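User: Hi! Could you take a close look at how the charged side chains are paired here, and then follow the picture from there into the neighbouring strands and aromatic rings?

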Amino acid sequence: MTTEISSEIFRLGLHDSSFETIIRHDNEIEITFDWSKFISLKEQDINEPIIIGKTTMFLTGVNTEEFKVFDDNDLKTFVTIPVPDDIIKGIEKIGTNEIDDNNQKVKVSGLYRKDGKLKWVEWSFRFDTCKLSWNSHITHTEWLNGKLPAD
């Protein structure tokens, strides 16, 4: 059974996740992650974090997109470049993410491998609508007991 969420997306945590696919069509983006965590799933009366195997984020009205590459010695210094075509392979694991439902903004950061070097990067953009969906999840307690979500 598919679960869909279109409000309070800020609950999504992507630490240690990676991109599986990114599909673009005009100002719409569909991103599939291989792992995620959700603070709670009050829609199903689950008041503890849940672990999700594959998570799809579908966004419309994507705009103001930036891809920042930070300097190794000063994380306040960066250059902005176009979003790389190899972002899926380049960012091996996501380090941090922020989703601001009120300002409709997503920010994903992590180490990006390019030409054998690792750089800290930040991909951010604004959106009009956002919907998350997934097919299975487990509670944090189940995960601690060795269970994995079945995708």
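Analyst: Happy to. Let's begin with Glu 8, which counts as partly exposed at 31% relative accessibility. Its side chain meets that of Arg 11 in a salt bridge, with 4.0 Å from N to O. Arg 11 sits in another setting: its relative accessibility is 4%, and because buried means under 20%, Arg 11 counts as buried. Please keep in mind that this is a predicted model. A search of the whole structure finds 12 salt bridges, and the pair just described is one of them.

Another pair is Glu 65 with Arg 24, whose side chains form a salt bridge at 2.5 Å, N to O. Glu 65 belongs to strand 8 (residues 63-70) and Arg 24 to strand 3, so this contact ties together parts that lie 41 residues apart in sequence. Both ends are partly open to the outside: Glu 65 is partly exposed with a relative accessible area of 31%, and Arg 24 is partly exposed at 41%.

Strand 8 also leads us to a further pair. Asp 72 and Lys 119 meet through their side chains in a salt bridge of 3.4 Å, N to O. Here Asp 72 is in the loop between strand 8 and strand 9 (78-81), while Lys 119 is in strand 12 (residues 117-126), so parts 47 residues apart in sequence are tied together. Asp 72 has a relative accessible area of 52%, and because exposed means over 50%, Asp 72 falls in the exposed class. Lys 119, at 27% relative accessibility, counts as partly exposed. Coming back to the starting point, salt bridges with shared partners join Glu 8, Arg 11, Lys 42 and Glu 43 into one network.

Now for the strands. Strand 3, the home of Arg 24, spans residues 19-25 and runs antiparallel to strand 4 (residues 28-33), with 6 bridges joining the two. Together, strand 3 and strand 4 make a hairpin with 2 residues between them. In the turn, Asp 26 has a positive phi of about 55 degrees, which may be worth a glance in your own backbone plot. Along this ladder of bridges, Phe 19 is paired with Phe 33 in strand 4.

That pairing takes us from charges to rings. The structure holds 7 aromatic pairs. Phe 19 and Phe 33 make up one of them, a tilted pair with 5.6 Å from centre to centre and 35 degrees between the planes. Since Phe 19 lies in strand 3 and Phe 33 in strand 4, the ring pair ties together parts that are 14 residues apart in sequence. The two residues are thus linked twice, as bridge partners and as an aromatic pair. Phe 19 counts as buried at 5% relative accessibility, and Phe 33 counts as buried at 1%.

A further tilted pair is formed by Trp 123 and Phe 125, at 5.1 Å centre to centre with 55 degrees between the planes. Trp 123 is buried at 1% relative accessibility, and Phe 125 is likewise buried, with a relative accessible area of 1%. Phe 19, Phe 33, Trp 123 and Phe 125 form one aromatic cluster.

For contrast, here is a look at nonpolar side chains on the surface. Trp 143, Leu 144 and Leu 148 form a nonpolar patch there, with about 330 Å² of accessible area together. Trp 143 is placed in helix 2 (residues 140-144). This tryptophan is partly exposed, with a relative accessible area of 34%, whereas Trp 123 in the aromatic cluster is buried.

One last stop is Leu 75, which is found in the loop between strand 8 and strand 9, the loop that also holds Asp 72. Leu 75 is exposed, with a relative accessible area of 55%. Even so, Leu 75 touches Phe 70 and Trp 120, leaving aside residues up to four places away in sequence. Leu 75 and Asn 47 are 28 residues apart in sequence, and their C-alpha atoms are 36 Å apart in space.

How values were computed. Residues numbered from 1 in each chain as written. Predicted model: local features only at pLDDT ≥ 70, side-chain atom pairs only at ≥ 80, totals over all residues. Heavy atoms only, no water. Pairing = 2+ DSSP bridges. Helix = DSSP H or I, 4+ residues; strand = E, 2+ residues; numbered from the N terminus. Buried < 20%, exposed > 50% of the residue type's maximum accessible area, 1.4 Å probe, protein only. Phe/Tyr/Trp six-rings, centres within 6.5 Å; stacked < 30°, edge-to-face > 60°. Patch = residues over 30% accessible without salt bridge, like charges linked within 9 Å, V, L, I, M, F, W, Y side chains within 5 Å. Areas by Shrake-Rupley, 256 points an atom, 1.4 Å probe, with all protein chains shown as cover. Contact = heavy atoms within 4.5 Å.
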